[in-house]
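User: I would like to learn how to read a structure feature by feature. Can we start with overall size and then move inward?

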Amino acid sequence: PIDVGYKSKMSASSPYSIGSHTIKTWGRKDVDNKVLGVWGEFVSVDFDICIGDGACIDACPVDVYEWFDTPGNAGSNRKPIMAREPDCIFCLACEAVCPPKAIKIFEQ
Ligand code: SF4
């Protein structure tokens, strides 16, 4: 599962902008997607253990996630990027359905 202490244990890394939202990342190394780290400040996904099955995309009632190609990553070649992270209503549905427990929602 995701290590919920990632913000103190991993280094802040380069953010990723998508649409009008800029996603914060921790532990990301920009080399062939091999080490993606954890993305998202309060809708947080450990992209190195995410298997990319898309259960979170289907579960989210407000369409926070969309597919994002990550060829070369050991966990999966595509990820649910939290493109609309500010829309999250903290229902925790995505956390509950994630097979590897790669998601942590920090309620605001
Ligand atoms: Fe969507 Fe609910 Fe997960 Fe927020 S907690 S991203 S609203 S499924």
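Analyst: Start with the radius of gyration, which is taken over C-alpha atoms; the globule rule is 2.2 Å times the number of residues to the power 0.38. Keep in mind that this is a predicted model.

User: What radius of gyration does the protein chain have, and what would a compact globule of 108 residues have?

Analyst: The protein chain has 12 Å. A compact globule with 108 residues would have a value near 13 Å, so the two agree. The C-alpha trace spans about 35 × 30 × 25 Å along its principal axes. Buried residues make up 43% of the 108 residues.

User: How many helices and strands does the protein chain have?

Analyst: The protein chain has 3 helices and 7 strands. From the N terminus on, the elements run α-β-β-β-β-α-β-β-α-β. For sequence range, take the contacts between residues at least 6 apart: 50% of them join residues at least 24 apart.

User: Now the sheet. What is the strand order?

Analyst: The order is E1-E2-E3-E4-E7, in an open sheet of 5 strands with antiparallel pairing. Strand E1 (12-18) and E7 stand at the edges. Each has a single partner strand, so one side of each is left without a neighbour in the sheet.

User: How do I read the pairing strand by strand?

Analyst: Count bridges, then look at individual partners. E1 pairs with strand E2 (residues 21-26) over 5 bridges, in the antiparallel sense. One bridge joins Tyr16 to Ile23 in E2. E2 and E3 also pair in the antiparallel sense, over 2 bridges. There, Trp26 stands opposite Val38 in E3.

User: What should I note at the turn of the hairpin?

Analyst: Check the backbone angles. The hairpin of E1 and E2 has 2 residues between the strands, and Gly19 takes a positive phi near 60°.

User: Which residues other than glycine have a positive phi?

Analyst: Two examples are Asn33, with phi near 65°, and Asp63, with phi near 60°. Asn33 lies in the loop between E2 and E3. At 22% relative accessibility, Asn33 counts as partly exposed. Asp63 lies in the loop between H2 and strand E5 (66-69). At 44%, Asp63 is also partly exposed.

User: Is Asp30 buried or exposed?

Analyst: Apply the cut-off: exposed means over 50% relative accessible area. Asp30 has 54% relative accessibility, so this residue counts as exposed. Asp30 sits in the loop between E2 and strand E3 (38-39). Its C-alpha atom is 9.4 Å from that of Ser13, with the two positions 17 residues apart along the chain as the separation.

User: Where does Tyr16 lie, and which residues does Tyr16 touch?

Analyst: A general point comes before the case. In a regular strand the side chains alternate between the two faces of the sheet. Tyr16 lies in strand E1. At 25% relative accessibility, Tyr16 counts as partly exposed. Leaving out residues up to four places away in sequence, Tyr16 touches His21, Thr22, Ile23, Arg28, Trp39, Phe68 and Ile81. For a C-alpha distance, take Tyr16 and Glu41: they are 25 residues apart in sequence and 12 Å apart in space.

User: Which members of the largest nonpolar core touch the most other members?

Analyst: The general idea first. In soluble globular proteins, nonpolar side chains tend to be buried together. Here the largest nonpolar core has 24 residues. Trp39, Val43, Val45, Tyr65, Ile81, Met82 and Ile103 touch the most other members. Strand E4 (43-46), helix H2 (55-59) and strand E7 (103-105) each supply at least two residues of this core.

User: Which residues does Val45 touch?

Analyst: Residues up to four places away in sequence are not counted. Val45 then touches Ile2, Gly37, Val38, Trp39, Cys50, Tyr65, Met82, Ala102 and Ile103.

User: Last, the ligand. How many residues surround the ligand, and which are the closest?

Analyst: The ligand is surrounded by 13 residues. Cys60, Cys88, Cys91, Leu92 and Cys94 are the closest. Now sort the shell by class: 13 residues are nonpolar, and no polar or charged residues appear.

Terms used
Residues are numbered from 1 along each chain as its sequence is written. This is a predicted model: local features need pLDDT of at least 70, side-chain atom pairs count only at pLDDT 80 or more; totals for chains, interfaces and linings use all residues. Side-chain values use heavy atoms; hydrogens and water are left out. A residue is near a molecule or strand if one of its heavy atoms lies within 4 Å of it. Ala, Val, Leu, Ile, Met, Phe, Trp, Tyr, Cys and Pro count as nonpolar, Asp, Glu, Lys and Arg as charged, and the others, Gly among them, as polar. A nonpolar core is a set of buried Ala, Val, Leu, Ile, Met, Phe, Trp, Tyr and Cys residues joined through side-chain atoms within 4.5 Å. Buried means under 20% relative accessible area, exposed over 50%, partly exposed in between (1.4 Å probe, protein chains only). Helices (H or I, at least four residues) and strands (E, at least two) are DSSP runs, numbered from the N terminus. Contact means heavy atoms within 4.5 Å. Two strands pair if DSSP finds at least two bridges between them.
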